[in-house]
Amino acid sequence: MKYLVAICMMSLCCFSRIGLAEDAIKQTLPPVEKPFVAPDFTLASESGKTYHLADFRGKVVLINFWATWCPPCRREMPSMNRMWQKIKGKGVEVLAVNVGEDADTIFEFLGAYPVNFPLLMDHDGSVVKKYPVTGLPTSYIVNPQGKVVYRAVGGREWDEPALYNQLLQLRKQ
Amino acid sequence: MRRVISCCLFCLPLLQGIAHADTRLQTGIDPEATLPYWQISNRGMSLRLVQRLPDQTRGYFLARGFAEKEADLIAKSCVFQTVFKNESNKNQPSPLEYNLHDWAVSVGGRQQGLKLREDWQREWQKRKIPKAAQVAFEWSLYPTRQVYKPGDYNWGMSIFNLAPGTKFDLKVVWRQYGKRHTAIIKDMQCAADIHPEPGSVHQP
């Protein structure tokens, strides 16, 4: 009888282990129902360089809207940077657009969360308003033709191959 | 022996059934905030509401360009840190949507809606709050409407427009799996306007 109870307990553990494993593998980058042309913008980065979205036509672009006070934004930044290190120079660009904060705040943030991709500043929130964003973080994936094809609401573990392979796949379209 | 086996076989689907059937409520102290939280989950959704101390909210908005008077107004309006997730990617993927206009708080038999981004925006425009502060406020608040695909989630502040320390019930409404779902979270409480010592834990 003791053995049976133990077997039952083990089966239960197995079920919960399967559940955990599924949690780990089922990160998703959902497609947008109707792909739309990514609204163009020109923004300065915290380092003073100007970036124009249209200049990236022909590449895949991950546009991430974020703020330093937003916990999931902070949480996903290191994995986004690890992904960037893996796919840099392979036809994918990352533009992280900060909403409503100034260069000093972002500079301070970089001390704790060093990243290598450009951090752009949307001081007055006019660029984020061009996109159907309702909460931060929200990321849009733009294909080489300039159309938004995926949207992720909330943070992701970007250095998971399942996710960044979706981005790399888009280069072939 | 046969009874034990049949009992085990019966228990497994039952345990899984509980996980998928009703809305489950968990309460306790959030380890990061060291403040009380209320969390409900149901099949593919999870909603966690964590108290915010008025002083915490006051400091947050003072640092984002609000004057003392307005920061105090927000701080004393019952603010909760809110995390809403579509977790259906773990089992049966399905989009999830909500509209905060459908939610309500009940205090002593009286019902009222939440104070939403749009309500505050009108107030800030009347009070001529600086644009940068308005932008920070808008994006800090929980979105009024949202559609989450499987795996999506948001964090943000929800404002229940009640005095510090008020006890209330919250009606939560969302749509998933082609159905409208409603849950009532009973006996929630706004944080009291206290000034805690470092390292202290706050019980409701």
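Biologist: Which residues of helix α5 (residues 131-140) of chain B are buried?

Modeller: A word on the ground rules: this is a predicted model, where local features need pLDDT of at least 70, side-chain atom pairs count only at pLDDT 80 or more, and totals for chains, interfaces and linings use all residues. Residues are numbered from 1 along each chain as its sequence is written, while chains are lettered from A and ligands numbered from 1 in the order in which they are written. A residue is buried if 20 or more other C-beta atoms, placed from the backbone, lie within 10 Å of its own, exposed if 12 or fewer do, and partly exposed in between. In α5(B), where helices (H or I, at least four residues) and strands (E, at least two) are DSSP runs numbered from the N terminus, the buried residues are Q134(B), V135(B), A136(B), F137(B), W139(B) and S140(B).

Biologist: What do the buried residues of α5(B) pack against?

Modeller: Here a contact is a pair of residues whose C-beta atoms, placed from the backbone, lie within 7 Å. By that test, the buried residues of α5(B) pack against elements from both chains: α4 (117-126) and β9 of chain B, and β5 (92-99) of chain A.

Biologist: At what angle do α4(B) and α5(B) pack?

Modeller: Axes are lines fitted to C-alpha atoms, for helices over the stretch in contact, and angles run from 0 to 180 degrees between N-to-C directions. The two helices are roughly antiparallel, since angles over 145 degrees get that label, those under 35 count as roughly parallel, 65 to 115 as roughly perpendicular and the rest as oblique. The crossing is right-handed, that is, the near helix is turned clockwise from the far one by less than a right angle, anticlockwise being left-handed. With their axes 10 Å apart, α4(B) and α5(B) pack at about 165°.

Biologist: Which residues in α5(B) do R117(B), W120(B), Q121(B) and W124(B) in α4(B) meet?

Modeller: Let's sort this contact by class, with Ala, Val, Leu, Ile, Met, Phe, Trp, Tyr, Cys and Pro as nonpolar, Asp, Glu, Lys and Arg as charged, and the others, Gly among them, as polar. The residues of α4(B) named here meet three residues in α5(B), and the contact has three nonpolar, two polar and two charged residues by class. The partners in α5(B) are Q134(B), F137(B) and E138(B).

Biologist: How do α2(B) and α3(B) lie to each other?

Modeller: The axes of α2 (residues 54-62) and α3 (residues 68-75) of chain B come within 8 Å and cross at roughly 140°, in a right-handed crossing. Among the residues that meet are F61(B) and L62(B) in α2(B) and A71(B) and I74(B) in α3(B); by class, the contact has six nonpolar, one polar and four charged residues. From their angle, α2(B) and α3(B) are therefore oblique.

Biologist: In which order do the five strands of the open sheet in chain B run?

Modeller: Strands pair if DSSP finds at least two bridges between them, and the pairing in this sheet is antiparallel. The edges are β1 (24-30) and β9 (153-159) of chain B, each pairing on one side only. Neighbouring strands are turned by 20° against each other on average, direction ignored. The order is β1-β2-β3-β4-β9.

Biologist: What is the bridge partner of Q51(B) in β4(B)?

Modeller: β3 (residues 45-51) of chain B is joined to β4 (residues 79-86) of chain B by seven bridges, the two strands running antiparallel. Q51(B) belongs to the covered face of β3(B), along with M45(B), L47(B) and L49(B). Its bridge partner is F80(B).

Biologist: Which residue in the turn between β2(B) and β3(B) has a positive phi?

Modeller: β2 (residues 35-42) of chain B pairs with β3(B) in the antiparallel sense over six bridges, and Y37(B) stands opposite V50(B). The strands form a hairpin with two residues between them, and the residue with a phi of about 40° is R43(B).

Biologist: Is K128(B) buried or exposed?

Modeller: K128(B) lies in the loop between α4 and α5 of chain B and has a positive phi of about 55° although it is not a glycine. Just 6 other C-beta atoms lie within 10 Å, so K128(B) is exposed.

Biologist: And in chain A, what is omega for the peptide bond from L136(A) to P137(A)?

Modeller: P137(A) is found in the loop between β6 (119-122) and β7 (138-142) of chain A. The bond is cis, with omega near -5°.
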